[in-house]
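Visitor: Hey, could you walk me through this one? I'd like to start with how the strands pair up.

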Amino acid sequence: MAEQTGAMAELAPPDDELIAAIAQGDHPALLALYDRHGRLGYGLAYRMLGESGAAEEAVQDAFLRVWRRAATFDPSRGSVRSWLMTIVHHCAIDLHRKRAGGPNVIAGLEEIAEQTPAPDTWSEVSARLDRERVRAAVALLPRDQRRAIELAYFDGLTHREIAERDGLPLGTVKGRLRLGLQRLYSALAEPVPGIVQESRHGA
Amino acid sequence: MEPRVTQPPLDNLRDLLGAYALGAVDEREAAEMRAFLKQDADAAGELAELMAAASVLPALAEPMTPPAGLRDRIAAIAQADAPVRPTPVAPLTPRLPAPSSGEPSPSLVRPEPAFWQRAAVWATAAAALLVITLGMLYWNMQLRSEIDATPPMETMALATTDMAPHASGEVHYMPDQGVLMLDVKDLPALPQGYVYEVWLIGDGNPVPAGVFAHATAQHAVAADRSLFNTLAITMEPGPMGTTAPTGDIYASASL
């Protein structure tokens, strides 16, 4: 079954064509998108929520949002995969905070992501990124910054909750989140020798 | 270190850009940030970079194969959501170029005929059962009182899942009456606006068999048991439930 859907995912049209079709109400296109990205989405939700039932619910919610909001996708702001994973992430945070009795997900978070233009050339850069390169870049972050980012992103904690958990001043946590993302962006957008061994321009 | 109650200085909002890009702020901070970003193009530019960096973080998660039923549930939910969707103007596939392998393009993304053809059958079955269910509201009450005096012919254990760790129960089948009687207790409390829905599952897809709105309940269903092999309970939006299951199974019984 998994192999079948994997093969189907390989054969299906590009993501942007699937999204256009989904926006027109094409069910098979939604399932083709699921076949292609469902494993990553489920893996992300599972890492955030730590159990299969909740992860399943988050992915289900995410694909329903994709179904309803496909017409709002703008390729100039990033890839379909990034957009989809942003939605999965927000659905998982939403679920996590509801269960934990924490603050609600900020209203319109997805809209913020949709309205924030990607930096110039980012869509081209992001299309070339692979998992190992991202992991290498994250691994090179200072440990404190990496921990703060992971607590925020994967555990769904707000900066206040991170400060409370680690006994840190709010300003320290805010600084770590901001500086960590800045470093990550620089490492990925402007290839650094030693991180991106595969970039061999101008040989 | 007390939380500020006055408008924060702009520098503080700029410091918050990383948390904002990760969704790690509360609603008040988000509102302040939105207003701030409208006035500060540099901050908006930095936010775009930070959000771009955040967008690669899913790569740190390991892809995992989702549970088998999730794909069908997503399909069912999208289908049920269809009335608010635009009608497809054309199937996707004909617009696609033929694949270089020479494979026929119609095989790329096609509806699942068996699945969706069956959907029409379910809809008919669901409509019929809806009528039956409404009638059963009264009949159910009568039957429950009669059952107390009528020994069940066969009893099947109700197996609960992790969704309902404290629940227990049985399903009784009375062949003379052609009635399945569900007796369940200590399901999780229902959130407002939700009900428990009973499903009968045979060779095809689940058929809705009524709803109940209490954590402990008895529920009777008129059914030919030979057509089904499983009874299952899910939580669904109330008051009428859904025509296809969308939630996790809380308990089930082999019939």
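Guide: Sure. Two strands count as paired here if DSSP finds at least two bridges between them. This is a predicted model, by the way.

Visitor: OK, so what stands opposite B:H172 in β4(B)?

Guide: That's B:M181. The strands involved are β3 (residues 168-174) of chain B and β4(B), which run antiparallel and are joined by 7 bridges.

Visitor: And which residue of β7(B) does B:M181 stand opposite?

Guide: B:A220. β4(B) pairs with β7 (residues 217-222) of chain B over 6 bridges, in the antiparallel sense.

Visitor: Why is β4(B) largely enclosed?

Guide: Because 5 of the 7 residues of β4 (residues 179-185) of chain B are buried, the rest of the structure largely encloses it.

Visitor: Switching to helices. Where does α3(A) bend?

Guide: At A:H37, by about 60°. α3 (residues 27-49) of chain A has 23 residues, yet its end C-alpha atoms are only 28 Å apart, whereas a straight helix would reach 33 Å.

Visitor: Is α3(A) mostly covered or exposed?

Guide: Mostly covered, with 22 of its 23 residues buried. Just after α3(A) comes A:G50, with a positive phi of about 75°.

Visitor: What about α11(A) and α4(B), how do they cross?

Guide: At roughly 75°, with the axes of α11 (residues 170-189) of chain A and α4 (residues 41-54) of chain B coming within 8 Å. Angles of 65 to 115 degrees count as roughly perpendicular, so that's what α11(A) and α4(B) are to each other. Residues making the contact include A:R178, A:L181 and A:Y185 from α11(A), and B:E49, B:L50 and B:A53 from α4(B).

Conventions: Residues are numbered from 1 along each chain as its sequence is written. Chains are lettered from A and ligands numbered from 1 in the order in which they are written. This is a predicted model: local features need pLDDT of at least 70, side-chain atom pairs count only at pLDDT 80 or more; totals for chains, interfaces and linings use all residues. Helices (H or I, at least four residues) and strands (E, at least two) are DSSP runs, numbered from the N terminus. The expected span of a helix is 1.5 Å times one less than its number of residues. The bend at a residue is the angle between axes fitted to the seven residues ending there and the seven starting there. A residue is buried if 20 or more other C-beta atoms lie within 10 Å of its own, exposed if 12 or fewer, and partly exposed in between; C-beta atoms are placed from the backbone. Axes are lines fitted to C-alpha atoms, for helices over the stretch in contact, and angles run from 0 to 180 degrees between N-to-C directions. Angles under 35 degrees count as roughly parallel, over 145 as roughly antiparallel, 65 to 115 as roughly perpendicular and the rest as oblique. Two residues are in contact if their C-beta atoms, placed from the backbone, lie within 7 Å.
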